[in-house]
Amino acid sequence: MSTIQEATRRRYGQWARARAGTLDGGAPVDEGCCGAPDDGDGGCGSGYPAAELGALGLTSAASLGCGNPTLLADLRPGEVVLDLGSGGGLDVLLSARRVSPGGHAYGLDATPEMVALAQGHQARAGVANATFLLGTMEAIPLADASVDVIISNCVVNLAEDKAAVLHEAHRVLRPGGRLAISDLVELEPLAPALKRDLDAWAGCVAGTIPVQAYTDLLAAAGFADPQVEVHRAIGLPAGGGRIGSASIRARKPGGPGPGR
Ligand SMILES: C[S@@+](CC[C@H](N)C(=O)[O-])C[C@H]1O[C@@H](n2cnc3c(N)ncnc32)[C@H](O)[C@@H]1O
């Protein structure tokens, strides 16, 4: 395991342990969206309808994400969904409801404490059509062409090898399958010292890449129609650069349907 991976697992392991006894997600996250400086306009969990959260017995405090990929993904009954870096499981449980009847939602996370937290949330919400897996998005433990939709919320930026993640996402998607993720991107170059800072990497800042680099990686992995739409910019202190939250969509070529 690399130093960056260790720092990331330590951070999210601590977060999950602090919330293990508080099934509604615990106290509101006070370090800003995923640890990135928050400009007060939106932030962790702000994109979730309260009624949907309430139906699961959760609050937006259960989210460490930077968007709501379950809305981006346009999920349909019967589909199989995979959430990369599922954390406390909010997006998986919401997705499981949306793909019911007949569908299934998988959550994949590299931090054992996060998987345990998500399983606790699942048991409390009484959602049967969801499974939480321990593993990494660089080596997804699912078969080729077994998933209709991949979602993810503020996680791909944490990977050192983003090409490997997107290659794996493409492998497990069925032809015609969709990728719909929320993530942070680099809008203005970050200060070199910040790029090397382990806490800033684990906090979803240092690992961000520019929009064009993201689009290029998606195309290189084999995705069609890659789109990266930035909807919120976040300035970093002391001229340290600028990041933004983005909605990222692409599809795997092939499969049934018009235009595929
Ligand atoms: C910022 S949190 C986001 C959690 C969740 N998606 C949400 O919206 O609340 C990042 C999550 O990604 C997980 N993670 C980090 N690196 C990973 C990897 N390489 N593979 C799978 N999960 C990873 C962490 O354990 C953590 O749960």
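This report walks through a predicted model of a single chain and the ligand it holds.

## The chain as a whole

Let's start with the broad picture. The chain has 260 residues, and 49% of them count as buried. Its secondary structure comes to 9 helices and 7 strands.

How much of the contact pattern comes from residues far apart in sequence? Taking the contacts with a separation of 6 or more, 73% are between residues 24 or more positions apart.

## The sheet

Now for the strands. They build an open sheet of 7 strands, in the order β3-β2-β1-β4-β5-β7-β6, and the pairing is mixed. At the edges stand β3 (130–134) and β6, and each has a single partner strand, so one side of each is left without a neighbour in the sheet. From one strand to the next, the twist averages 20 degrees.

Two helices are worth picking out here. Helix α5 (residues 112–125) packs on the sheet and touches β2 and β3, with its direction at about 165 degrees to that of β3. Helix α6 (residues 162–172) packs on the sheet too, touching β1 (80–84), β4 (147–153) and β5 (173–188); its direction makes about 160 degrees with that of β5.

## Strand β1 and its neighbours

Is β1 enclosed or open? Here 5 of the 5 residues are buried, so the strand is largely enclosed by the rest of the structure. Both of its faces are covered, with V80, L82 and L84 buried on one side and V81 and D83 buried on the other.

β1 has parallel partners on the two sides. It runs parallel to β2, with 5 bridges joining them, and D83 has G107 in β2 as its bridge partner. To get from β1 to β2 the chain passes through α4, and this β-α-β crossover is right-handed. β1 also runs parallel to β4, this time with 4 bridges; L82 is the residue opposite I150 in β4.

The helix in that crossover, α4, is well covered too: 7 of its 9 residues are buried, so it is largely enclosed by the rest of the structure. The buried ones are L90, D91, V92, L93, L94, S95 and A96.

## Strands β5, β7 and β6

Over at the other end of the sheet order, the pairing is antiparallel. β5 and β7 pair that way over 10 bridges, and E186 stands opposite I243 in β7. That same I243 in β7 is also the bridge partner of I234. β7 is mostly covered, with 7 of its 10 residues buried.

Strand β6 (residues 224–235) and strand β7 (residues 242–251) are antiparallel as well, joined by 9 bridges. Q227 has R249 in β7 as its bridge partner, while G235 is opposite R242 in β7. What links β6 and β7? The two strands form a hairpin with 6 residues between them, and A238 in the turn has a positive phi of about 55 degrees.

## A close look at A73

One loop residue makes a nice small case study. A73 is found in the loop between α3 (69–72) and β1. Is A73 buried or exposed? It counts as buried because it has 24 C-beta neighbours inside 10 Å, where the cut-off is 20 or more.

Which residues does A73 touch? Leaving out those up to four places away in sequence, they are V149, I151, R178 and A180. A180 sits 107 residues away from A73 in sequence, yet the two are 5.2 Å apart in space, C-alpha to C-alpha.

## Around the ligand

Finally, the ligand. There are 26 residues around it, and those that come nearest are G65, G85, G87, T111 and N153. The elements that give two or more residues to this shell are α1 (3–19), α4 (90–98) and β2 (104–109).

What classes of residue make up the shell? It has 13 nonpolar, 10 polar and 3 charged residues. Some of the elements met earlier turn up again here: α4 and β2 contribute to the shell, and α4 is the helix the chain passes through on its way from β1 to β2.

Notes: Residues numbered from 1 in each chain as written. Predicted model: local features only at pLDDT ≥ 70, side-chain atom pairs only at ≥ 80, totals over all residues. Near = placed C-beta within 6 Å. Nonpolar A, V, L, I, M, F, W, Y, C, P; charged D, E, K, R; others polar. Pairing = 2+ DSSP bridges. Axes fitted to C-alpha atoms, helices over the stretch in contact; angles between N-to-C directions. Contact = placed C-beta atoms within 7 Å. Buried ≥ 20, exposed ≤ 12 C-beta atoms within 10 Å, placed from the backbone. Right-handed = clockwise from strand over helix to strand, strands pointing away.
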